[in-house]
Amino acid sequence: MGPATEHERPAKRVKRDEVGGGAPTPSLAKHGNEDSDEEEAGFVNKGAAHGSDLYLDTINRAALDFDFEKVCSVSLSNINVYGCLVCGKYFQGRGRNSYAYAHSIHDDHHVFINLETTKVYVLPDGYAVSDPSLEDIAFVLSPSFSPSGVASLSTVAYLSKPSYDLSSKSYTPGYIGLNNIKRNDHMNVVIHSLLHVSPLRDFLLLSRFDGKQSELVKRFAALAKKLWNPRLFKSQVSPHEFLQEVGRASGGKFRLETQGDPVEFLRWLLNDLHRYLGGSKKRNSSIIFSTFQGQVRTETQQVVVRPDASENQKPVFDIDREIKATTSPFLFLAVDLPPPPLFQDAVEKNIIPQVGIHTVLAKYDGVQTQESRGQLRRFNCQQLPPYLIIHYKRFTKNNFVEEKNPTIVNFPLKGVDFRDYLSSAEQHPSSVYDLIANVIHESVAGTTRDKENTVWKVQLRAGTGNGENEKWFQIQDLIVEEIRKEMIFLGETVIQIWERRKSAPES
C-alpha cells in the first residue's frame, strides 16, 4: 500500500481492515525515535497536519494524568512514549509494530500525544492533527512561562486571580496539594519550601533544558512548572515522576514507601542540584549557591583544666593560647534547642517548654561557647545568603531510642534582625529577614520519636507579605487551608526559610 497523498486522508475503517485482520505483534526492535515510526508506518502523511478530526470528540480530559513517570505501560521503556488521550495510558511508538498501534486497534482509541514533543496523532492511520482545542492538553503536559508572568507570582494581585480545574474547583497556583503516594510527606514539604524561594522558582519556571542536563534537574523543573500551572485539569499534583528519579539518584536512600527526615533530604537535594547544574566549590557557581550559601567562622581551642578551677566552672577561651580559626560555607544553619526538663510534676507535664528564636541563634554570636570532645568551639557568621535556611535540631539519638525535643520556638513572622550574629554587619546588604516557609512536625505526645505516626506540614507565605495583604497557607499532602498568622509558631518547627529584605529597615 503506497503513501497517502498530501490532499488525501486515509480511510480509517478501511485501513484497519488492510492491516491484516489479526492484531499486530509489537516488536521492541523497531521502537526507536519518532522518525523511525514514520518510516515504519509507510502510510504517514508528511505534509500539512490535519486541522480537525472527528476522533477529537473521544478525548477524555478527566482521564489524563501526566504526573507519572513517562514509560510504556507494556514494555516499561521511556523511549518514544505516547499517551492515549482517551484512556490516559502510555504506550511506546506509533508504527505498525508498536504498542500504541496495537492499542488503537484493540481498544478503538485513536488519539495519541507524543509525551516529548506534544504532537498529536491519530492511529492506526498515523497522521498528525493540529487543532486549537488541543492546546490546553499540550500546556498541561508541558507548561511554559514568560518572564512577565513569573514576575507577577510574588505580587499581592496574583492572589486575587484564582484558577479553576475541570470540575470548576478554584485553586491558587503554587499553593496546591502534593500527593502522599505512600510515605513521602517528608519530601513533599521540602519540595514546597524550595519552590517558593523566588530565585530558584523563577530559574526553574523559565528553564529550557536540553538533553545535556541531568534527569533530576529536568524533572524538578517539570514539577515546578506543574505546581505553578494556572491551567491544571485537577487542582493537585503528584510528585511521582520526580521522586522516582530521586530514588534512583540517591541509590535508594530516599524512597516513596519509607518515612524519612526532611532535613537529610533537603541537604542531599541542594547538593545534588548544585552539582548537576554545573556548580563548583566557588561562590555563586550555581543558582543553589547564589541563593542559599553563606559563610561561618569557627574558632576552636583545646580544653585545659586548671588546678585552681572550681568543680562547676565552665571552660572558657584563653587568649594566651592558640586559637584555630576556620571559615567554611554552609547551605543552612543548625541551631540547638534547650533540653526539656528531666523531672516534671503533674502541673509541669501540661506545660510545653518554649524558647525565643534569638536565644537559640545566640550560638552564632561569636561569644557563646560549646564544649565537645575536649575542644571549645564558638561560631560567628561572616556572610548570610539572600535566603537563609535554619534547621532546629529537634531529634537526637542515644544508644537506645531516638528522642524528640518538644520545645516550641517563638519567632515573629517578619523583621528578624541577624545583626548580632554577623561579624561585620555594617558591610552586609541587610541583616533583616522575613519568614517565607515553616516546616513543622506532628506526632504523638512524648519525648520519643515515632516515625510511624509522624505527620509533616509546611506553612507558606503567599504574596509579598505586606501588612494586611499577607496570607499564609498550611499544606499537608492534599489538604490546603489558609491559616491565621497567630497559629504558625505553635507547631514543632524543624526547618525555616527566611528571605532577606532588599534594604535595611528605617530606624
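Student: How much area does the chain expose, and what share of it do carbon and sulfur atoms supply?
Tutor: This is a predicted model, in which local features need pLDDT of at least 70 and side-chain atom pairs count only at pLDDT 80 or more, while totals for chains, interfaces and linings use all residues. Residues are numbered from 1 along each chain as its sequence is written, and side-chain values use heavy atoms, with hydrogens and water left out. By the Shrake-Rupley method with a 1.4 Å probe, where for residues only the protein chains shown count as cover, the chain exposes about 24900 Å², and the share from carbon and sulfur atoms is 49%.

Student: Which residues touch the most other members of the largest nonpolar core?
Tutor: A nonpolar core is a set of buried Ala, Val, Leu, Ile, Met, Phe, Trp, Tyr and Cys residues joined through side-chain atoms within 4.5 Å, buried meaning under 20% relative accessible area with a 1.4 Å probe and protein chains only. The largest such core holds 62 residues, and those touching the most other members are Phe242, Leu269 and Phe292.

Student: Is Asn184, in the loop between β8 (177-178) and α6 (185-194), buried or exposed?
Tutor: Strands (E, at least two residues) and helices (H or I, at least four) are DSSP runs numbered from the N terminus, and Asn184 sits in the loop between β8 and α6. Because its relative accessible area is 0%, Asn184 is buried.

Student: Which backbone oxygen does the side chain of Asn184 reach?
Tutor: Polar atoms of this side chain lie 3.3 Å from the backbone nitrogen of Lys182 in one case. At 3.1 Å, the backbone oxygen that the Asn184 side chain reaches is that of Asn179.

How values were computed
Buried < 20%, exposed > 50% of the residue type's maximum accessible area, 1.4 Å probe, protein only. Polar contact = N/O pair within 3.5 Å; in protein donor to acceptor, adjacent residues only side chain to side chain.
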